Amino acid sequence: MGARGSRAGGGGRARSAGMEAERPSELAAAGSPGPGAALELDADEDDLEVFSKDASLTDINSFSPMMPTSPLSMINQIKFEDESDLKDLFITVDEPESHVTTIETFITYRIITKTSRGEFDSSEFEVRRRYQDFLWLKGKLEEAHPTLIIPPLPEKFIVKGMVERFNDDFIETRRKALHKFLNRIADHPTLTFNEDFKVFLTAQAWELSSHKKQGPGLLSRMGQTVRAVASSLRGVKNRPEDFMEMNHFIEIFSQKINLIDKISQRIYKEEREYFDEMKEYGPIHVLWSASEEDLADPLKGIASCIEECCTAIEKRMSGLSEAVLPVMHEYVLYGDVLMGVMKRRDQIQAELDSRVEALTYRKADADLLTEEIGKLEDKVECANNALRADWERWKQNMQSDIKSAFADMAEENVHYYEQCLATWESFLTSQTDLHLEEDSEDRL
């Protein structure tokens, strides 16, 4: 693969165990959307309402009324019941590295894992992985836990019009998304203990390649796929009511979050255009001051104010690109993930329905079918319970992530306007004082 991995303990390399809104009508904090009240959008206008008229922050489907009201304390102090007080698995994705072979060019990323778990051979591991390794891991997690919500990976395709496939921005954006992907798995109460996940974090390149070859063969996987497709085509006769509501929620959520993502991207684009235009005004005023001797000082002062405001704008754009855009896009991808989970759940139930139906026609195989039905009933119950529990966990995380993103953006906006206001007030005060002094001298 052109990548290298090192592992302490079983023949690798070990390290020490040290753990380490500008437009409120368009973009606002998002609450917990219910099937009919999620991220309400006026169909005739291009703005968003976060809650429907009959929803509130104390709604059972919304945020806890005990949540701190201060945005900063809310973001830093909020805790969930399923969060562990002591984190024991720390993962960092960094140092992307380009590899060129005779047939392809690809990027690998260094993954450093620090842990205090006893099932690991060492306290620290360092490996390199490429994007297709992440795809393999996601596939294995979906295979082992079909009705758990597996975090999304960044898209594999290249954005149309991008000249350089592996430019720095693309690589850095993907690195951050891969870092988020692994850490979401690490924080999940079930996925974090998956054996394939452990192998992904610790195995050397050749070990991972060998591990990938294990498991069912191609024909077996094709048979499973055919059976899954056949089950999905038959459909589900009696989907439980809570999963009907869940499916409706997902459809509405996907529509709303896609719209928010587009608006966020548009705001960032307009902010970038405004910044590029503002940058030109400073030098223009400096040049102007050279030809206006009487106005030289005020013009230079204006140029200085514009420069300070440009610095503030740049900081605000950085906050938008770091705190809001990645979160919105991740939850856009979650829309497809959720639809996939619902589809796999339905396939499991459809398989049970088909066996129950077959029992009415194939009396000779009654004993065998009855045994299969019993196993499938257990499988359906486990799948349903797993999805119900993970669904609540996901909704709680979604609420926190989206609300924190918009709280951060609001805080950045307040700071930006305060800074610009203070800059111009200081300049105007200095000019007023100067005029008062000049008037006083003229009277004397």
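A strand, like a helix, is here a run picked out by DSSP, with at least two residues needed for a strand, and the runs are numbered from the N terminus. With that in hand, let's take a walk through this structure, keeping in mind that it is a predicted model.

Start with the whole chain. It holds nine helices and four strands. If you read along the sequence, you meet them in the order β-α-β-β-β-α-α-α-α-α-α-α-α. Of the 444 residues in the chain, 43% are buried.

Now let's stop at strand β2, which covers residues 89-100. Ser-98 sits in this strand. Is Ser-98 buried or exposed, or somewhere in between? Its relative accessible area is 46%, and because the partly exposed class runs between 20% and 50%, Ser-98 counts as partly exposed. If you set aside the neighbours within four places in sequence, Ser-98 touches Thr-105, Phe-106 and Ile-107. You can also look from Ser-98 across to Arg-130: the two are 32 residues apart in sequence, and their C-alpha atoms are 9.9 Å apart in space.

Glu-95 is another residue of β2. It is partly exposed too, with a relative accessibility of 46%. There's a quirk in its backbone: phi of Glu-95 is near 45°, which is a positive value in a residue other than glycine.

Move along to strand β4, residues 124-130, where you'll find Glu-124. This one is buried, because its relative accessible area is 4% and the cut-off for buried is under 20%. Glu-124 and Lys-114 are ten residues apart along the chain, while 4.5 Å separates their C-alpha atoms.

Next come the helices. Helix α2 takes in residues 131-144 and helix α3 takes in residues 168-187. How do these two pack? Their axes are 12 Å apart, at an angle of about 30°. Angles under 35 degrees count as roughly parallel, so that is the label for α2 and α3. The side chains and backbone doing the touching come from Tyr-131, Phe-134, Leu-137, Lys-138 and Leu-141 of α2, together with Arg-174, Leu-178, Phe-181, Leu-182 and Ile-185 of α3. As for handedness, α2 passes α3 in a left-handed crossing.

A bit of background helps when you look at lists like that one. An α-helix has 3.6 residues a turn, so residues three or four places apart point the same way.

Helix α3 has another partner, α8. The axes of α3 and α8 come within 12 Å and cross at roughly 60°, and this crossing is right-handed. On the α3 side you'll see Lys-176, Lys-180 and Arg-184, and they meet Glu-322, Glu-330, Tyr-331 and Tyr-334 in α8.

So what does α8 itself look like? It runs over residues 296-359, a total of 64 residues. From its first C-alpha to its last it reaches 94 Å, close to the 94 Å expected at 1.5 Å a residue. Even so, α8 has a kink of about 30°, centred on Ser-321.

Let's finish inside α8, at Met-328. Is Met-328 buried or exposed? It is buried, with a relative accessible area of 0%. Which residues does it touch, leaving aside its neighbours within four places in sequence? Met-328 is in contact with Ile-257, Ile-260, Asp-261 and Ser-264, and also with Ile-402, Ala-405 and Phe-406. Asn-258 is worth finding as well: it lies 70 residues from Met-328 along the chain, with 8.0 Å between the two C-alpha atoms.

Conventions
Residues numbered from 1 in each chain as written. Predicted model: local features only at pLDDT ≥ 70, side-chain atom pairs only at ≥ 80, totals over all residues. Heavy atoms only, no water. Expected span 1.5 Å × (residues − 1). Bend = angle between axes of the 7 residues up to and from the residue. Buried < 20%, exposed > 50% of the residue type's maximum accessible area, 1.4 Å probe, protein only. Contact = heavy atoms within 4.5 Å. Axes fitted to C-alpha atoms, helices over the stretch in contact; angles between N-to-C directions. Parallel < 35°, antiparallel > 145°, perpendicular 65-115°, else oblique. Left-handed = near helix turned anticlockwise from the far one by under 90°.
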